[in-house]
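Dear colleague,

I am passing on the structure below, together with some notes on what turned up when I went through it. Please read the notes with the coordinates open beside them.

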Amino acid sequence: MFISRDPFNVIIGGVGGQGNVLASQILGEMLVSQGYVITIGETYGASQRGGAVMSHLRISTKDQFSPLIPEGQCDLLIALEPVEGLRILDHYGSPRVMTLVNTRPIHPMDVISGNAEYPEVSKVIAKIKELSRRVWTLNATEVALEMGDPIFSNIVMLGALCAIEVLPINQQGFELVIKDLLPSRTMDENMKAFNRGREVVQEFY
Amino acid sequence: MSSISQNAPGKTVLLMGNEAIARGALEAGVKVCAAYPGNPSSEIIGTLAKVADELGLHVEWSVNEKVALEVATAASFAGLRGLCAMKQNGLNVASDFLLNLNLSGCRGGLVLVVADDPAGVSSSNEEDSRIFAKLGDLPLLEPANFQEAKEMTKSAFEISEQLGLPVLIRSVTRVSHARGNVCLDELPQSRPKPRFENSLRFHALPAVLNHKLLHEKLNRAKQMFEESPFNFYRGPEKPELMVATSGSGWMYSLEAMINLNVQERVGVLKLGTTWPLPESYVLEHLKKADRILFIEEVDPFLENNVKEIYAQNCLFLGLKAFFGKASKHIPDVGELNPEIVTHAIQNLIQVPYEPRPADYALRAHEAAAELIPARALSFCPGCPHRATYWAVKIALALDGRDGFVLGDIGCYSLGMGPSGFGQMRTLHAMGSGTGLACGFGQLNRFGLEQPVIAVCGDSTFYHAAMPALANAYYNGADFLLLLLDNSATAMTGFQPHPGTGSTATGKEAPVIDLKAICEVFGAHVEVVDPFDVAATVETLLRLLQEEKGVKVLILKRECALVSAKHQKRLYQVEVEQEHCLGETCGCNRFCTRIFKCPGLMWDKAAGKARIDEAICTGCGVCTRICPASAIRKEKA
């Protein structure tokens, strides 16, 4: 499998604390080991927790692109949270974008305090579908909670990403990368989370 | 094995800009590395700390940036190579030493990396540290991507030794905190032995003579930079427009050229050695074009320095038009991105550019406006600071004299926002909360009747608040200092400090006890666990009302993210649905509307509060605030 455009631009977005930085690093390492030139730009720091966060991945066969994707140039969006997916499409989406979305909301402080409403998730997914060429959904947080810890949601999402076959990645590549990157005692659970993500993801029509 | 310590020449790995800088230092044979953590620079020393034992280095988290630079400089004086890293604010702290070190010069290669934070993504300001190179007559390099970050760092040690001067490297967030492909070179195996040569002198004095010698060294740097591989031009021989850029601007400029498809019309002059500028090289390229656009992050440093060179040579260069921050083609505040650069070039050469169909953009904006709630920053679930600010809010209300909180730098800076109930009223530099309290604490003689509270984190206290506390006791100031001791430098990635009992490389270290220091400094000190809300409020109120002079309350509770790494959650928390009266309770949604921990949710359908089990970390603080006692905790 090859990338369908050069550069192929991926955004992994969600809420601080959901593990988008680690997800982008694992994905980046998987692609570098196959010879791609990767740039990853990450937004973190003050937005480490609770704020909207994004990682931008540029995948190319030839050039080192900038760590920020320009307006309207996202090819694949991996949304770890539904309204964050829509927030990213607002600036980076275009008719060519494909979106993989975790349907489990995380309420912002303004929603918790009653100053704002969190929209119906079905409505958000429908809008994402209107703005995307293809959409896949899963409740990755639920899958991770079933496994006993919401921390695995990002790995569940990477499994789903593997299943939708948009990027040239596979399970063996994932296994090799996490061997280097994550503590060995978490290996089995991470593989399980990855495989659960592969199983439960579905295309949304 | 960490890719940073692999001796694998030719291997390509994915490295963060900061890791690439660390790798460059290793390839140059660095022996001593020191820093105080600060984003976006923290991973440089953090990465080196992980391989220090394996590669035989001394790596330390110093107590502040000035000490860090002095530690690295000592290595240089003894003939070893030393590296120091800091964020832009840190250079202000280290600058007193730096602006004397330039005069004394150094011996072994000495490199100071400053990672700037355009837009202040994780900072209180967005200052441009390059001005210090000009101020101190010091050579300055600016890496434009990850590979260059490694090569430049390596080369900076050579330049430093050739000139006998420290070399500054200025990185920015989008280089330091981004990742990209980096091809590794060999790691040297040499083990030089340090020795202080007693025949040598490292004195700033005599200042005028050394200033003159410094200018001579800077002139040599200028000659060296004429041939530097870090400066190059890409584009047509006679471009309609020439972009002159440095640092992250290089990647954005390339991207803009591709977006607009103008590679045949626009050239890019990429400069990596930005102080002193290689004058002949710059002049030779200025001849190529009559219109020049400057792309650089934060201040017009390159822009103004190139204009100075032009002004000296304008008679033979002829008329040129310069565009950039002065002409308002590029914003003079905030961070750059590919779009800003694309639009600036488009504007100057009049080419069409539509990043996506206009109707799509309109539909996307409409959907966003209709459906997306704002997402404000907040303390993490289970963060002790939320409990602390809650207690402060209650205690100040009970006290009734309109007391106020002076802020400081750390995670707890979020105390100025809704997550800290808007309690924090000032925010400046490391330690400034306590320093301001020293002043406010004297104003009662003029009739100030409000209680004065300063907050300060544990790491910040060792860094900069200790002198202020000594000053407070010595001069008889009257205030309450809250030391928010979460046992980590949490905001920058949980680095250890003198109060944690471990070093940068994970070795056991003596603990410098916060309570003991404050007592030696003459303060009345008490300690409380902020998760015990009732006791915290009671203690705060008593200290505000009954004690005079310098009082310190240590709020001791480990950072929730650190705790999560080594211990199970404290409690299983639940909102008992039969006891939560919901909309009918007189509390008016007290837990979610006022306390608003992200672990709580308002279930619209049921009209009651509940716990979000994906977020709650089980600190149990919210169980103390429900008037109906419907939030229950059980030992997990």
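I begin with a single proline: Pro206(B) sits in the loop that runs between E8 and helix H8 (207–225) of chain B. The peptide bond that leads into this residue from Leu205(B) is cis, with omega near -5°. Please keep in mind throughout that this is a predicted model.

Chain A has a cis peptide bond as well, joining Asp6(A) and Pro7(A) with an omega of about 5°, and Pro7(A) belongs to the segment before strand E1 (8–15) of chain A. In general, most peptide bonds are trans, and most residues other than glycine have a negative phi.

The second half of that remark bears on two further residues of chain B. Lys596(B), although not a glycine, has a positive phi of about 40°, and its place is the loop between H20 and E22 of chain B. Lys596(B) counts as buried because it has 27 C-beta neighbours inside 10 Å, where 20 or more are required. Ser629(B) is likewise a residue other than glycine with a positive phi, here near 50°, and it is found in the loop between strand E23 (608–611) and strand E24 (631–635) of chain B. Is Ser629(B) buried or exposed? With 11 other C-beta atoms within 10 Å, Ser629(B) is exposed, since the cut-off for that class is 12 or fewer.

Turning to the chains as wholes, chain A contains 8 helices and 7 strands. Its radius of gyration is 16 Å, which agrees with the value near 17 Å that a compact globule of 205 residues would have. Along the principal axes, the C-alpha atoms of chain A fill a box of roughly 50 × 40 × 35 Å, and 61% of its 205 residues count as buried. If one takes the contacts in chain A between residues at least 6 apart in sequence, 67% of them join residues at least 24 apart.

Chain B, for its part, has 20 helices and 24 strands. Its radius of gyration of 28 Å is close to the 26 Å given by the globule rule for 636 residues, so chain B is as compact as a globular protein of that length. The box filled by its C-alpha atoms, again taken along the principal axes, is roughly 80 × 75 × 60 Å, and buried residues make up 54% of the 636 residues. Of the contacts in chain B with a separation of 6 or more, 81% are accounted for by residues 24 or more positions apart.

Chain B is divided into four parts, namely domain 1 (3–187 + 201–225), domain 2 (232–349), domain 3 (384–566) and domain 4 (571–635). Between domain 2 of chain B and domain 3 of chain B, the C-alpha centres lie 47 Å apart.

One helix of chain B deserves a paragraph of its own. Helix H3 (residues 65–77) of chain B has 13 residues and reaches 18 Å from its first C-alpha to its last, close to the 18 Å expected at 1.5 Å a residue. Its buried residues include Leu69(B), Ala72(B) and Phe77(B), and also the charged-type names Glu65(B) and Lys66(B). The cover over the buried residues of H3(B) includes strand E2 (32–35), strand E4 (82–87), helix H4 (88–104) and strand E5 (110–116) of chain B. Just after H3(B), Gly79(B) takes a positive phi of about 95°.

Finally, the interface: 53 residues of chain B are in contact with 57 residues of chain A. On the side of chain B that touches chain A, the elements that each supply at least two residues include strand E1 (12–16), helix H9 (249–260) and helix H12 (338–349). Which element gives the largest share of that side? The answer is H13(B), with 7 residues. By class, the side of chain B that touches chain A has 28 nonpolar, 14 polar and 11 charged residues. Strand pairing also crosses between the chains, since 3 bridges join strand E2 (residues 37–42) of chain A to E8(B), and these two strands run antiparallel. In that pairing, the bridge partner of Gly41(A) in E8(B) is Ala178(B).

With best regards

Methods:
Residues numbered from 1 in each chain as written. Chains lettered and ligands numbered in written order. Predicted model: local features only at pLDDT ≥ 70, side-chain atom pairs only at ≥ 80, totals over all residues. Helix = DSSP H or I, 4+ residues; strand = E, 2+ residues; numbered from the N terminus. Rg over C-alpha atoms; globule rule 2.2 N^0.38 Å. Contact = placed C-beta atoms within 7 Å. Expected span 1.5 Å × (residues − 1). Domains from an automatic or database assignment.
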